[in-house]
Amino acid sequence: MEAFDEIHDFVVVGSGGGSMCAGLVMRSVGNSVLILEKTEVVGGTTARSGGVMWLPNNPFMKRDGVEDSFEKASMYLEALCGEDRDAPGSTPARRRRYISEVPRMLDFLGRQGIKLTRAQYWPDYHDELPGGSERGRAVVAELFDVNELGAWKQKLRPTFIRAPYALLPPTLEEMMELPAYKRSWRVKLLIVRLVLRGLLAKLTGKQWTAGGAALQGRMLQAALRSGIDIRTDSPVSELIVEAGEVKGVLTNRNARPWRVGARLGVLVNAGGFARNQAMRDRYTPGTSVKWTMATPGDTGEMIEEMMRHGAAVAQMDERVGNQQTHPPGAEDSEAKPTAQAMTASPHCILVDQSGLRYMNEGGSYMAYCKAMLERNRSVPAVPSWAVFDSQYLAKYMLAGTMPGSRKPQSWYDSGYLKRADSIEALAQQIRIDPATLKTTVERFNGFVASNHDEDFHRGERAYDRWLGDDLNKPSATLGTIAQAPFYAVQIIPGDVGTYGGVVTDDHARVLREDGSVIAGLYATGVSTASVMGRKYPGAGSSVGPSFIWGFVAAQHAAQVASP
Ligand SMILES: Cc1cc2nc3c(=O)[nH]c(=O)nc-3n(C[C@H](O)[C@H](O)[C@H](O)COP(=O)(O)OP(=O)(O)OC[C@H]3O[C@@H](n4cnc5c(N)ncnc54)[C@H](O)[C@@H]3O)c2cc1C
């Protein structure tokens, strides 16, 4: 390996979810690790995210008396993903390995000082299936004081979790409760607790962060302590391959090409291609880079580089959808308002451009956005319309604004927020046949009266109800659209990232089309074809796998049986 500028045992491309987890495994047995991150900050979309990891049969469930087991989780994944056609990322062996690594990885991370816990109630997205968990399998990081990172604090990518005021540092679960503050004493008390937390933080010099930044902040802290070398502004442009084996990578250092050797292997954890319009046009046509909340580094070149060396790719047409509504300026901003719970809440429905409902608005965001694109093949449905009334606006958020708040005049002037005194007049504004929209709304109001959505069964799943409003009685998701003025905004099938990539085996090794292994090359996260195939089992089905396959890859490369 003389031709290298420097040599490490293990080199990781990208600082995503699995990168530091893999690095910690390597360091635990004394191997040197270099993580090369293209952007100026560490953490990837994982740091921006909610930081939720779908980790079935985790010890926090046992601690809290929530039933789960390897068998139950396997039953669920089999029921959900077992039938996936053309999803080589989701083999039975990989699904089994995924579930079986959860307790081992959490034990390992616990020993590294990473403080995790479970979300208290976050149903699986298909909890009605055999093996589904109503209380959920989501694992999250405890709040993290970024000041503990010292100079590295500026290098941690911030989370998307924002509280309305700086003095209210909430966890993700707490943030989701805040909009009900006017209607719930529980939430009023929560705000008091948050203010106290904020004041105490000010007094003690702490700066709490939550979600993905708490997770990646904790990982970064452990990584630095363990001696992992992490470099930002260090894009990898090529894999260095000799005789079919990956030996290192080409990056830049001090503005010149820099060849780094990797004795035990290279792990690619470089995200997907949500920010690459050419790759979108090829693999997910009809979608736009302007619809994604993935971070700017998500440009797919490492997937293409692995393909150049013979890697097979699969599930490239899959994205983790995220329904969004775009007030003026949102398309060009990093923070795009999600409409995830909007049309699943009472007093709101989703209709296509002919004025018909066409799905259970309470399903997973992945299923929701797929349904929009699928519908669009026969009836124009991109964008679709959220139709709601004044009860909705009084009780729920719209495009990031609080319930009952005055909406910016520019929303009306620009035509983003349509308003009318009758459903027929609203229909005319959004160019839908008035009689059709009236019939749709009346039919939905009939379902509200009978508390049963005969067409799409909205509200029958625990997850649908979780998305809705547990203060709304008798149904968390059904409420009439009956009080003028009536409103409509466009909903588009945005995303938080892509879900296809290189095919890997149950050791996270990258495979060729013929199933053979590309020696020295591992991959994890959304650079790979997901172990969940074409489905999203529950909150955290992107970050969870990124961590697990990073953990698995490092064990294989270092030949460690039990880190
Ligand atoms: C607002 C939001 C909330 C979300 N919430 C959740 C959630 O709670 N749970 C969940 O599971 N998913 C969530 N997602 C989706 C999830 O965050 C991503 O799919 C996931 O984090 C991807 O992780 P990763 O490890 O594959 O890559 P990433 O975390 O994106 O990391 C990849 C890194 O590689 C770097 N990189 C790319 N190319 C190169 C190169 N050539 N050289 C060097 N570095 C490179 C990138 O800059 C990036 O830093 C959310 C997404 C968003 C936007």
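Colleague: Which domains does the domain assignment of the protein chain give?

Modeller: It gives domain 1 (6-46 + 218-319 + 499-558), domain 2 (162-209) and domain 3 (321-495); such bounds come from an automatic or database domain assignment. Residues are numbered from 1 along each chain as its sequence is written. The model is a predicted one: local features need pLDDT of at least 70, side-chain atom pairs count only at pLDDT 80 or more, and totals for chains, interfaces and linings use all residues.

Colleague: How many residues of domain 1 and of domain 3 are in their contact?

Modeller: Two residues are in contact if their C-beta atoms, placed from the backbone, lie within 7 Å. By that test the contact takes eight residues from domain 1 and 11 residues from domain 3. On the domain 1 side they are four nonpolar, two polar and two charged residues. Here Ala, Val, Leu, Ile, Met, Phe, Trp, Tyr, Cys and Pro count as nonpolar, Asp, Glu, Lys and Arg as charged, and the others, Gly among them, as polar. The centres of the two domains, over C-alpha atoms, are 37 Å apart.

Colleague: Why is the protein chain called as compact as a globular protein of that length?

Modeller: The globule rule is 2.2 Å times the number of residues to the power 0.38, and the radius of gyration is taken over C-alpha atoms. The rule gives 24 Å for 563 residues and the chain has a radius of gyration of 24 Å, so the description holds.

Colleague: What makes Val25 buried?

Modeller: A residue is buried if 20 or more other C-beta atoms lie within 10 Å of its own, exposed if 12 or fewer, and partly exposed in between, with C-beta atoms placed from the backbone. Val25 has 26 other C-beta atoms within 10 Å, so it counts as buried. It belongs to helix α1. Leaving out residues up to four places away in sequence, Val25 touches Phe551, Ala554, Gln555, Ala558, Val560 and Pro563. Over the protein chain, buried residues make up 55% of the 563.

Colleague: Why is strand β20 described as largely enclosed by the rest of the structure?

Modeller: Five of the seven residues of β20 (residues 517-523) are buried, so the description follows. Strands are DSSP runs of E with at least two residues, helices are runs of H or I with at least four, and both are numbered from the N terminus.

Colleague: How do you know that β19 and β20 pair?

Modeller: Two strands pair if DSSP finds at least two bridges between them. Two bridges join β19 (residues 509-511) to β20, and these strands run antiparallel, so they meet the definition. Arg509 has Tyr522 of β20 as its bridge partner. Strand β11 (residues 256-268) pairs with β20 in the parallel sense over three bridges.

Colleague: Why is one side of β3 and of β4 left without a neighbour in the sheet?

Modeller: The open sheet has three strands in the order β3-β5-β4, paired antiparallel. β3 (53-54) and β4 (116-118) stand at the edges with a single partner strand each, so one side of each has no neighbour there.

Colleague: Which of the residues around the ligand come nearest?

Modeller: Gly14, Gly16, Gly44, Gly297 and Gly525, out of 43 residues. A residue is near a molecule or strand if its C-beta atom, placed from the backbone, lies within 6 Å of it. The shell divides into 14 nonpolar, 24 polar and five charged residues. α2 gives the most to it, with four residues.
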